[in-house]
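Visitor: Before we go through the terms used for this model, could you show me the sequence and the structure?
Guide: Here they are, and we can then take the terms in turn.

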Amino acid sequence: MKRLQGLLPFVGVAVLLAVWSLTVWARVVDPVLLPSPIATFRAMWIGMTSGKLGVDFLKTVERTVYSTAIAAVIAIPLGILLGSSEKVYRSVEFLIDFFRSTPASAMFPLFLVLFGVGDRTKISVAAFGAALVILFNVAYGVMNARKTRILAARVMGASRLRVLWDVMLLESLPQTFVGLRNGVSLALVIVVVAEMFIGSTDGLGQRVFEAQQLFDMPDMYAAIFAAGALGYGLNLLFLTIERRFVHWSGK
Amino acid sequence: MAGAQPAASIELTDNAREAARRTAPHVTIRGLTKRFSDATIYDNFDFDIPRGKLMSVFGPNGCGKSTLINMIAGLFPVDAGEILFDGQPLSQIKFGYVFQNYREAMFPWLRAFDNIAYPLRVMGVPKAERITRVEKIVAGLNVKIDLNLYPYQMSGGQQQLVSIMRALIVEPEILFLDEPFSALDYEMTLFMREQLQRIFVETSTTTVLVSHDLEEAVYLSDRILLLSRHPARAVEFVHYDAPRPRTPGTMSEADFISTKAHCLEIFQREVRKG
Ligand SMILES: Nc1ncnc2c1ncn2[C@@H]1O[C@H](COP(=O)(O)OP(=O)(O)OP(=O)(O)O)[C@@H](O)[C@H]1O
Ligand SMILES: [Mg+2]
């Protein structure tokens with residue numbers, strides 16, 4: 001029974017593959033539009049190991065990692081600063097919420113003017129979007145630090161700076177990781193969109209777009225799956241780091 | 001021989017001064033006023049906390065017990081009035097503070113050992129000395145807990161014991177305990193009362209205990225401060241001088257029973273008034 005439970009996550013995958021194969025076999029959809037799973041995975045394997053897909057994959061990873069890193073470096077200290085004083089946060093809350101709600105894709109033309117057609121635009125728009133998400137989460141994490149814990153530190157003689165460093169910062173870590181996970185997901189979305197439309201010659205977005213233009217459906221599906229795997233992998237990576245370093249999260 | 005006369009008299013006055021210091025109040029509260037947006041909790045409140053005694057604060061819910069000890073410990077500002085320690089308004093005094101909600105007062109990112117050592121780290125005590133002092137206090141209390149665990153891996157009683165050790169590690173001049181046992185089961189509560197009494201007998205630290213359990217308050221205390229509803233007044237300052245160590249047998253002695261009954265009567269009268 002236990003062993004069967006471990007297999008549960010694969011049930012959905014198996015069902016999807018079965019339905020997909022069945023659809024192809026019964027020719028419900030034009031085979032040009034929907035290649036078989038085998039053709040798709042073969043395209044993926046070849047693309048990743050010897051074709052252009054692997055290069056594009058790494059390019060997208062690189063852009064996403066850069067933009068998330070830039071966002072984190074800016075947003076985490078700023079979030080701690082804003083969150084440590086509720087008054088300061090309230091005074092900029094509207095701005096943060098406003099720009100957090102603005103679709104980052106609407107910023108492309110502006111950033112194109114600022115940074116030109118190239119990696120800098122893609123990375124900076126993605127970093128912009130991710131930074132706001134991270135900032136918001138970090139600030140809330142700091143603001144919601146347990147009152148009792150702060151009082152406890154203060155009665156033991158900790159200075160304001162020490163309370164910020166020893167208590168608020170650590171208290172905010174679980175929420176910071178929520179921000180990082182959401183931030184990296186958003187960064188990936190923005191990077192892929194940018195690769196599709198902003199004069200790109202590489203990246204997963206460009207790969208999907210080009211395959212579609214050439215009507216190379218197995219390649220297109222392969223690139224989509226690669227993007228999905230990347231998003232899932234990044235999320236999993238942050239979850240693993242969180243479990244390792246924020247062991248008290250949720251306890 | 002005539003020369004010895006002045007020296008002896010100086011010695012006498014030194015002794016007298018020492019005796020006066022011993023019996024003088026540890027904390028003097030004068031004209032204390034505290035308001036929250038919707039209520040006046042203290043209005044011109046005067047009170048003296050005796051030195052080296054274990055004092056309980058007992059009163060209806062929301063009358064301002066926690067607010068009082070938070071103001072004395074310097075965690076909440078006062079609106080008016082003064083709180084003096086040995087007649088001085090100094091803030092460099094070392095407090096120990098045990099919170100009711102140990103789950104929210106412990107640092108879950110630190111192992112129990114480092115939680116206990118944390119106040120020493122704040123004070124800048126070197127690591128080697130921190131370790132010896134934690135080991136000393138653990139041995140002194142005869143605690144058998146794995147201090148390498150994180151707080152969330154421990155039982156409630158163990159966590160509260162860790163939090164009491166954290167309060168004691170600095171050898172505080174005043175120890176505050178705000179309903180320290182109310183989240184523990186009965187057996188653990190009994191055990192913790194004995195621990196607290198032992199600590200008090202050994203150190204004679206001025207201790208202020210907020211308790212919702214009258215039996216516990218009388219059993220542990222030399223003095224019981226009965227507060228009214230807010231704005232809080234000191235309705236009575238009851239003395240209970242049974243010798244220590246007190247044992248469960250103490251609770252069936254006539255003195256204990258009558259003191260407890262007296263406190264209960266006053267409490268009920270005050271609550272009915274409100
Ligand atoms: N930060 C605050 N802001 C506004 N009102 C407060 C605040 N803290 C306490 N109060 C109010 O002040 C009163 C006294 O609170 P306090 O916590 O000191 O009571 P208490 O005697 O400790 O009560 P309990 O027995 O429930 O612990 C309560 O009515 C409470 O609602
Ligand atoms: Mg209280």
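Visitor: How many helices and how many strands does chain A have?
Guide: In this predicted model, chain A has 10 helices and 0 strands, and read along the sequence its pattern is α-α-α-α-α-α-α-α-α-α. Along its principal axes, the C-alpha trace of chain A spans about 70 × 60 × 30 Å.

Visitor: What makes strands β1 and β2 of chain B a pair?
Guide: Two strands pair if there are at least two bridges between them. Strand β1 (residues 27–36) of chain B is joined to strand β2 (residues 39–49) of chain B by 7 bridges, so the pair meets the criterion of at least two. The two strands run antiparallel, and they form a hairpin with 2 residues between them. As one example of the bridging, B:Arg35 has B:Thr40 in β2(B) as its bridge partner.

Visitor: Which residues surround ligand 1?
Guide: Among them are B:Phe36, B:Ile41, B:Asn61, B:Glu179, B:His212 and B:His230, together with B:Gly62, B:Cys63, B:Gly64, B:Lys65, B:Ser66 and B:Thr67. Helix α2 (residues 65–72) of chain B supplies the largest share of this shell, 3 residues, and by class the shell has 3 nonpolar, 7 polar and 2 charged residues.

Visitor: What makes the approach of B:Thr67 to ligand 1 a polar contact?
Guide: The term requires a pair of N or O atoms within 3.5 Å. An N or O atom in the side chain of B:Thr67 is 2.4 Å from an oxygen atom of ligand 1, so this pair qualifies as a polar contact. A polar side-chain atom of B:Ser66 lies 2.7 Å from an oxygen atom of the ligand, while for B:Gly64 a polar backbone atom is 2.9 Å from a ligand oxygen. Taken alone, ligand 1 exposes 630 Å², and the protein buries 61% of that.

Visitor: What are the bounds of the two domains of chain B?
Guide: The domain assignment gives domain 1 as 26–93 + 174–274 and domain 2 as 103–172. Their C-alpha centres lie 25 Å apart, and the contact between them takes 11 residues from domain 1 and 12 residues from domain 2.

Visitor: Why is the backbone at B:Glu171 singled out?
Guide: Most residues other than glycine have a negative phi, and this is why a positive value in such a residue is pointed out. B:Glu171 has a positive phi of about 50° although it is not a glycine, and it lies in the loop between α6 (156–168) and β6 (174–178) of chain B.

Visitor: Which residues are joined by a cis peptide bond with omega about 0°?
Guide: Most peptide bonds are trans. One cis bond joins B:His230 and B:Pro231, where omega is about 0°, and B:Pro231 lies in the loop between β8 (223–227) and β9 (234–239) of chain B. The peptide bond from B:Arg244 to B:Pro245 is also cis, with omega near 0°, and B:Pro245 is found in the loop between β9 and α9 (254–273) of chain B.

Definitions and conventions:
Residues are numbered from 1 along each chain as its sequence is written. Chains are lettered from A and ligands numbered from 1 in the order in which they are written. This is a predicted model: local features need pLDDT of at least 70, side-chain atom pairs count only at pLDDT 80 or more; totals for chains, interfaces and linings use all residues. Side-chain values use heavy atoms; hydrogens and water are left out. Helices (H or I, at least four residues) and strands (E, at least two) are DSSP runs, numbered from the N terminus. A residue is near a molecule or strand if one of its heavy atoms lies within 4 Å of it. A polar contact is a pair of N or O atoms within 3.5 Å; within protein, one must be able to donate a hydrogen and the other to accept it, and residues adjacent in sequence count only if both atoms are side-chain atoms. Accessible areas come from the Shrake-Rupley method with a 1.4 Å probe; for residues, only the protein chains shown count as cover. Ala, Val, Leu, Ile, Met, Phe, Trp, Tyr, Cys and Pro count as nonpolar, Asp, Glu, Lys and Arg as charged, and the others, Gly among them, as polar. Domain bounds come from an automatic or database domain assignment. Contact means heavy atoms within 4.5 Å.
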